[in-house]
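Please open the structure in your viewer and keep the selection tool at hand. We will go from the whole chain to single residues, one stop at a time.

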Amino acid sequence: MTEIERPRVLSGMRPTGRLHLGNYMGALANWVKLQHDYECYFFIADYHALTTDYANTENLRRNTEEVALDWLGAGLDPERCVLFLQSAVPQHADLHLRFSMITPVSWLERVPTYKEQQENLSEKDLSTYGFLGYPLLQAADILLYQPKFVPVGQDQVVHVELTREIARRFNQFYKLDGREVLPEPQVLLTPAPKLPGTDGRKMSKSYGNTIELTDPEATVRQKLKTMVTDPARVRRTDAGNPDLCPVGDLHKVFSSPDTIASVNQGCRSAGIGCIECKGWAADALVQILAPIQQRRASFSPAQAMEVLRAGSECARQRAEATMSEVDQAMRMPKLGVATASEPVKLAAGAAL
Ligand code: TRP
Ligand code: SF4
């Protein structure tokens with residue numbers, strides 16, 4: 001496909017620090033595939049981190065570095081996609097402000113994650129203006145790039161839906177020569193396999209049950225050893241069921257068909273022990289992680305940040321093109337710009 005034919009996609013990730021296998025399977029691995037067939041914009045949503053962690057910013061920089069390194073390790077290629085930092089593209093904040101003018105507060109209060117998150121994170125004061133505006137900032141992130149698709153997991157679908165409503169509302173109020181400036185993007189749903197953490201619950205940083213992309217082999221094996229199994233298999237001689245075992249779920253995602261068959265047969269007949277079975281699961285994980293870790297180690301944190309800097313410059317140009325249309329459609333007052341041949345005459349007061 002030529003450059004011109006590739007549909008544009010945009011997605012983002014909050015800088016949560018080192019990424020885990022759940023982040024990889026639920027988003028990153030899919031992004032790596034997309035970069036071959038789409039014009040891709042991927043960014044680190046550091047402003048979004050502030051919506052919940054405004055009181056606690058000491059790790060923001062390091063977390064951003066870690067995510068950028070994990071992206072490069074996973075195989076996102078700055079030659080193939082634009083990797084950038086949200087706060088380095090001021091147009092995100094600008095478009096967010098425009099949207100805040102046209103969005104009824106009730107639309108934001110109605111977003112299911114709003115009340116849910118406030119309750120889940122009750123130790124933080126999330127009664128802020130910025131937290132209420134989270135989905136609006138996300139709408140700005142997306143619409144700024146006029147993408148055809150937004151690759152996200154199921155949990156983000158409501159946010160993309162709201163983005164579409166914001167786009168519709170904007171387009172109703174403002175047109176540019178009768179044309180709509182902000183086309184409605186579509187969700188490109190990322191199929192996410194069931195990926196349990198070491199405690200059997202969904203792998204999630206907040207549960208502390210993750211396997212990180214940077215975990216060395218010994219750590220992976222150690223984590224697997226303590227991973228919960230089919231509770232029916234108390235003794236080595238009890239038969240088990242891989243369909244009821246988190247380790248069985250890991251095999252289904254990462255192991256070869258042959259290994260999966262051996263697990264099925266061995267577990268159900270008590271022919272293998274859990275220790276052996278977990279060893280095979282660890283083998284599969286190590287095999288996935290090794291190339292990621294090797295590629296990651298070839299970049300320094302400074303190089304990763306340089307990738308974001310260069311990408312942000314590119315993103316800014318794209319974003320500015322949209323904002324120029326937004327300004328025209330909204331009929332914002334326009335001031336001339338100074339040129340070398342026609343220097344701006346300072347008002348008398350300004351010279352003092
Ligand atoms: N809210 C997303 C998340 O928590 C992150 C995000 C911010 C995003 N802006 C976005 C995702 C724009 C897709 C598009 O995962
Ligand atoms: Fe789980 Fe494997 Fe043990 Fe079966 S043998 S219970 S699949 S760890």
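## The whole protein

The protein has 352 residues, and buried residues make up 46% of them. Keep in mind along the way that this is a predicted model. Show the C-alpha atoms alone: along the principal axes they fill a box of roughly 90 × 45 × 45 Å. Switch to a cartoon and you can pick out 15 helices and five strands. Now turn on a surface. About 18300 Å² is exposed, and carbon and sulfur atoms supply 54% of that. If you draw a contact map, look away from the diagonal: among contacts between residues at least 6 apart in sequence, 79% join residues at least 24 apart.

## Two domains

Next, colour by domain. The domain assignment gives domain 1 as 8-195 + 300-330 and domain 2 as 215-295. Place a marker at the C-alpha centre of each, and the two markers will be 35 Å apart. Where the domains meet, the contact takes 10 residues from domain 1 and 10 residues from domain 2.

## The cores

Select Leu21, Leu28, Phe42, Trp71, Leu76, Leu83 and Leu224 as sticks. These are the residues with the most contacts inside the largest nonpolar core, which has 50 residues. Where does this core lie with respect to the two domains? Both domain 1 and domain 2 give residues to it, so it lies between them. As background, nonpolar side chains in soluble globular proteins tend to be buried together.

Centre on Trp71 and look past its neighbours within four places in sequence. Trp71 is in contact with Met13, Leu19, Leu28, Trp31, Phe42, Phe43, Ile44, Leu76 and Leu83. Apart from this core lies another, of 41 residues, and Tyr41, Val89, Met323 and Met330 are among them.

While you are in this part of the sequence, click on Asn63, in helix H3 (residues 60-74). Asn63 is buried, with a relative accessible area of 16%. Leaving out residues up to four places away in sequence, Asn63 touches Pro15, Thr16 and Gly17.

## Around ligand 1

Now select ligand 1 and the 14 residues around it, of which Arg14, Tyr134, Gln138, Asp141 and Gln156 come nearest. Try the distance tool on three of them:

- From an N or O atom in the side chain of Arg14 to an oxygen atom of ligand 1, the distance is 3.1 Å.
- From an N or O atom in the side chain of Tyr134 to a nitrogen atom of ligand 1, you should get 2.7 Å.
- From a polar side-chain atom of Gln138 to a nitrogen atom of ligand 1, the distance is 3.0 Å.

On its own, ligand 1 has 370 Å² of accessible area, and the protein covers 93% of this. Strand E1 (8-13), helix H8 (134-143) and strand E4 (149-152) are the elements that give two or more residues to the shell. Which of the elements supplies the largest share? H8 does, with four residues.

## Two unusual backbone angles

For the last stops, bring up a Ramachandran plot. Most residues other than glycine have a negative phi. Gln146 is not a glycine, yet its phi is positive, at about 40 degrees. Find Gln146 in the loop between H8 and E4. Asp177 also has a positive phi, near 50 degrees, and sits in the loop between helix H9 (157-173) and strand E5 (186-189).

Are these two residues buried or exposed? Gln146 counts as buried, at 15% relative accessibility, whereas Asp177 is exposed, with a relative accessible area of 78%.

Note on methods: Residues are numbered from 1 along each chain as its sequence is written. Chains are lettered from A and ligands numbered from 1 in the order in which they are written. This is a predicted model: local features need pLDDT of at least 70, side-chain atom pairs count only at pLDDT 80 or more; totals for chains, interfaces and linings use all residues. Side-chain values use heavy atoms; hydrogens and water are left out. A nonpolar core is a set of buried Ala, Val, Leu, Ile, Met, Phe, Trp, Tyr and Cys residues joined through side-chain atoms within 4.5 Å. Buried means under 20% relative accessible area, exposed over 50%, partly exposed in between (1.4 Å probe, protein chains only). Domain bounds come from an automatic or database domain assignment. Contact means heavy atoms within 4.5 Å. A residue is near a molecule or strand if one of its heavy atoms lies within 4 Å of it. A polar contact is a pair of N or O atoms within 3.5 Å; within protein, one must be able to donate a hydrogen and the other to accept it, and residues adjacent in sequence count only if both atoms are side-chain atoms. Accessible areas come from the Shrake-Rupley method with a 1.4 Å probe; for residues, only the protein chains shown count as cover.
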